[in-house]
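Reader: Before I rely on any label attached to this model, I would like to hear what stands behind it. Could you show me the structure and then take my questions one at a time?

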Amino acid sequence: MTTVFDEVARRNHEQVVFAYDEVTGLRAIIAIHDTTLGPALGGCRMWSYTDEAAALRDVLRLSRGMTYKSAAAGLNLGGGKAVIIGDSKTHKNEMLFRAYGRFVQGLGGRYITAEDVGTSVQDMEWVRMESDFVVGISRALGGSGDPSPLTAYGCFEAMKASLKWQTGNESLEGRTVAIQGVGHVGYHLVKLVVQGGGRVVVCDIDHDSLKRVSEEFAGVEVVAPERIYSVPCDVFAPCALGAVINDETIPQLKTNIVCGSANNILADEDKHAKALEVADILYAPDYVVNAGGLINVANELEGYNDERARKQVGGIYDVTTQIFRIAREENTTTHMAANTLAERRIASIRRVKDTFVRQPPRRVMRHVP
Ligand code: NAD
């Protein structure tokens, strides 16, 4: 039988907190994976998990992912995540999020929370009533607001870096980009590609989202969701769901590059990163490409500034290129190269932080009765 401690030990988490509050019915788990670089920042997901073990697995996996995302993005933040077990449509109220906020506050800043799937800016404002350690607050309260435009901008910069790496020319002029999902991020990405002179093919399962882009941007072509994989294009940008690069879709792809905002694009990270490489398709690692949202909220920690956040997100271009270089020099996949970049940064900063930590003990003498 796998125990809770086995699960925690498997990915080297620093701390896992189980938060229960009888009055509000709060059942939450906060996982702090690694704080070498700084406080663990990561969203709070609210989901009707089938059981507690599923919630624990999810929070442990997601918090570790945040460690890599922050490290690769060059932020001085560690990786953390929280899950609240419950139905986000029926189980939400002010008391629940304020109770959650008290647990976050109790961690004294080791974990900073934010919105995620199933939670909203409004929920974070309730958390903020009880905790100083929350980001993702509305612009009206001095926060960073909707992260989607900057997430799209980061994805666009990664796309340019990928084109430059592969063809020597980063311009979107005359290129075709197939975008899967034109929701918050996809919509802004369409805009950037069109402004850059590119041709765009899109799909979505939501009629209103498709109508919006078709009406706003002349020349955007719409295809059925199942056809998006086989669209001949320079870049395929998944901006809807995870696991869309898999055994079934890879043989259909007629693209040179995969670069999109969705999380966990590869169904099996090692296997499908390798399969893309074998198919001669350049893969821009998802967590590097979509770090714009994280960089945007992280800016709240130093007083949100639009211009500075945008400049920092623009750095995704260089990080993407650096990853391609590591992959080439070390003969590995781009996915592994991104992990290597993150791990090396954490290891080197850990060494830096070792300086002067070997302090003398607080008491030199033992008490002798
Ligand atoms: P969203 O929900 O606003 O948009 C997703 C769109 O995909 C919707 O319009 C939806 O109808 C469409 N969709 C769903 N299933 C589909 C399918 N099978 N085929 C085609 N379209 C489908 O989400 P978003 O905020 O735009 O985020 C998009 C992706 O980027 C998500 O995977 C998200 O986790 C990731 N991401 C977003 C941000 C951000 O700032 N919003 C940051 C980092 C990562």
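Author: What follows is a set of questions about the labels used for this structure, each answered from a value and a definition.

Reader: What kind of model is this, and how are its residues numbered?

Author: This is a predicted model, in which local features need pLDDT of at least 70 and side-chain atom pairs count only at pLDDT 80 or more, while totals for chains, interfaces and linings use all residues. Residues are numbered from 1 along each chain as its sequence is written, and side-chain values use heavy atoms, with hydrogens and water left out.

Reader: What makes a residue part of the shell around the ligand?

Author: A residue is near a molecule if one of its heavy atoms lies within 4 Å of it. On that basis 19 residues surround the ligand, and the closest are Thr 151, His 184, Val 185, Asp 204 and Ser 261. The shell divides into eight nonpolar, nine polar and two charged residues, where Ala, Val, Leu, Ile, Met, Phe, Trp, Tyr, Cys and Pro count as nonpolar, Asp, Glu, Lys and Arg as charged, and the others, Gly among them, as polar.

Reader: How do you know that Val 185 has a polar contact with the ligand?

Author: A polar contact is a pair of N or O atoms within 3.5 Å; within protein, one must be able to donate a hydrogen and the other to accept it, and residues adjacent in sequence count only if both atoms are side-chain atoms. A backbone N or O atom of Val 185 lies 2.8 Å from an oxygen atom of the ligand, so the pair meets the distance limit. For Ala 240, a backbone N or O atom lies 3.2 Å from a ligand oxygen atom. The protein covers 73% of the 820 Å² of accessible area that the ligand has on its own, with areas taken from the Shrake-Rupley method with a 1.4 Å probe and, for residues, only the protein chains shown counted as cover.

Reader: Which elements give two or more residues to that shell, and what makes a stretch an element?

Author: They are helix 5 (148-167) and helix 6 (184-195). Helices (H or I, at least four residues) and strands (E, at least two) are DSSP runs, numbered from the N terminus.

Reader: Why is Gly 198 called buried?

Author: Buried means under 20% relative accessible area, exposed over 50%, and partly exposed in between (1.4 Å probe, protein chains only). Gly 198 has a relative accessible area of 15%, and is therefore buried. Gly 198 sits in the loop between helix 6 and strand 7 (199-203), and, not counting residues up to four places away in sequence, touches Leu 172, Gly 174, Arg 175 and Val 193, where contact means heavy atoms within 4.5 Å.

Reader: Why is Asn 290 given a label, and which one, at 5% relative accessibility?

Author: Because 5% is under the 20% limit, Asn 290 counts as buried. Asn 290 lies in the loop between helix 9 (286-289) and helix 10 (292-298), and its contacts beyond four places in sequence are Lys 69, Thr 151, Ser 261, Ala 262 and Asn 263.

Reader: Asn 264 and Asn 331 each have a positive phi of about 50° although neither is a glycine; are they buried, partly exposed or exposed?

Author: Asn 264, in the loop between strand 10 and helix 8 (269-278), has a relative accessible area of 37% and is therefore partly exposed. Asn 331, in the loop between helix 12 (316-329) and helix 13 (334-354), has 71%, which means that Asn 331 is exposed. Most residues other than glycine have a negative phi.

Reader: Why is strand 6 described as largely enclosed?

Author: Five of the five residues of strand 6 (residues 176-180) are buried, so the strand is largely enclosed by the rest of the structure. Thr 176, Ala 178 and Gln 180 are buried on one side, and Val 177 and Ile 179 on the other.

Reader: How do you know that strand 6 and strand 7 pair?

Author: Two strands pair if DSSP finds at least two bridges between them, and five bridges join strand 6 to strand 7, which run parallel. Within this pair, Gln 180 stands opposite Cys 203 in strand 7. The open sheet has six strands in the order 8-7-6-9-10-11, with parallel pairing.

Reader: What makes strand 8 (221-222) and strand 11 (282-283) edge strands?

Author: Each pairs on one side only. Strand 11 pairs with strand 10 (residues 257-258) in the parallel sense over two bridges, and Leu 282 is the bridge partner of Ile 257.
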